[in-house]
Amino acid sequence: MRRNRRAEKSVVQFSIVDALVAGLFDGVFTVGRIARSGTLGLGCGDHMDGELVVLDGEFRLFHGDGRMTVLGASDSLAFAEVVDFEPESSELVESVPSLEALLAAIHSRVASENIFHAVRFDAHFASISLREAKRQSKPYLPLAEAVHDQRENVVTDVTGTLLGFIAPRVFQGITVAGAHFHFVDGNGTVGGHVLGLEGATGSLAVESYSGVSVRLPSSAEFLAADLDLAGAEADGAIRHAETDHQR
């Protein structure tokens with residue numbers, strides 16, 4: 001019975017990444033609504049302000065000016081994806097030298113790269129590279145331009161949780177294809193989008209899903225937006241937004 005129930009589980013997503021690519025950064029979904037769909041996840045704030053970490057049902061937003069806010073039910077977000085996380089596997093992994101090595105460890109533990117996977121890695125990191133997007137003002141720039149002034153930093157000798165999703169490549173634009181991870185330290189005060197890591201040892205937990213359920217915005221801006229970007233253009237914009245822009 002448990003196996004059948006897992007087969008029916010899906011990642012629940014609010015808005016789509018192509019909407020962010022087009023510069024639709026208004027918060028149109030409340031935390032209260034999103035929280036009903038999951039206890040682990042990530043996303044971004046209203047006005048593209050900061051990086052969201054959802055861990056054990058608590059919503060923390062790490063802002064581009066270095067602040068952290070614990071969000072309440074009435075706060076709004078531009079994008080989020082969440083799951084009710086019940087890992088199918090959890091085991092110790094040691095001395096992970098890089099983000100690429102962590103991805104290899106995850107892929108060795110899942111059945112296929114053609115389905116969705118949620119990841120939680122509670123670990124000590126020799127270092128982890130993070131970024132936080134800075135709040136944008138209207139008229140919004142497209143995503144690839146908006147991320148040029150993001151805040152980036154490297155945190156050393158830190159214990160915390162890396163979490164997020166790995167999505168099939170064919171879903172690029174609906175979500176971020178491949179890996180998309182955020183981080184929060186053990187005190188809940190430091191976090192952001194993960195750009196890289198070194199020297200990590202901890203417990204790696206993974207759950208796989210056969211689908212994604214998407215809630216689209218109903219705002220006038222979304223309904224009128226031209227989201228018909230060429231595939232290569234959208235893919236390039238997403239990959240550009242996911243990388244380190246200060247190197």
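The accessible surface of the protein comes to about 10,800 Å², and carbon and sulfur atoms account for 49% of this area. The model is a predicted one. Of the 247 residues in the protein, 52% are buried. The secondary structure consists of 7 helices and 13 strands. Among contacts with a separation of 6 or more, 79% are formed by residues 24 or more positions apart.

On the surface, a nonpolar patch is formed by Ile174, Val214 and Leu216. Together, these residues have about 220 Å² of accessible area. Within this patch, Leu216 is located in the loop that lies between strand 13 (211-215) and helix 6 (220-224).

Strand 5 (residues 58-62) is paired on both sides of the sequence, with strand 4 and with strand 6. Strand 4 (residues 51-55) runs antiparallel to strand 5, and the two are joined by 5 bridges. In this pairing, Val54 stands opposite Phe59 of strand 5. The two strands form a hairpin with 2 residues between them; in its turn, Asp56 has a positive phi of about 55°.

The pairing of strand 5 with strand 6 (residues 68-70) is also antiparallel and comprises 3 bridges. Here Leu61 stands opposite Thr69 in strand 6. Strand 5 and strand 6 likewise form a hairpin, with 5 residues between them. The turn of this hairpin contains Gly66, for which phi is positive at about 95°. As regards accessibility, 4 of the 5 residues of strand 5 are buried, so this strand is largely enclosed by the rest of the structure. In a regular strand, side chains alternate between the two faces of the sheet.

A further position examined was Ala126, which is found in strand 9 (residues 116-132). The relative accessibility of Ala126 is 39%. This residue is therefore classed as partly exposed, since its value falls between the 20% limit for buried residues and the 50% limit for exposed ones. When neighbours within four places in sequence are left aside, Ala126 is in contact with Val155, Thr156, Asp157, Glu198 and Gly199. One of these partners, Glu198, is 72 residues from Ala126 in sequence, while the C-alpha atoms of the two residues are 5.7 Å apart in space.

Note on methods. Residues numbered from 1 in each chain as written. Predicted model: local features only at pLDDT ≥ 70, side-chain atom pairs only at ≥ 80, totals over all residues. Heavy atoms only, no water. Buried < 20%, exposed > 50% of the residue type's maximum accessible area, 1.4 Å probe, protein only. Contact = heavy atoms within 4.5 Å. Areas by Shrake-Rupley, 256 points an atom, 1.4 Å probe, with all protein chains shown as cover. Patch = residues over 30% accessible without salt bridge, like charges linked within 9 Å, V, L, I, M, F, W, Y side chains within 5 Å. Salt bridge = Lys/Arg side-chain N within 4 Å of Asp/Glu carboxyl O. Pairing = 2+ DSSP bridges.
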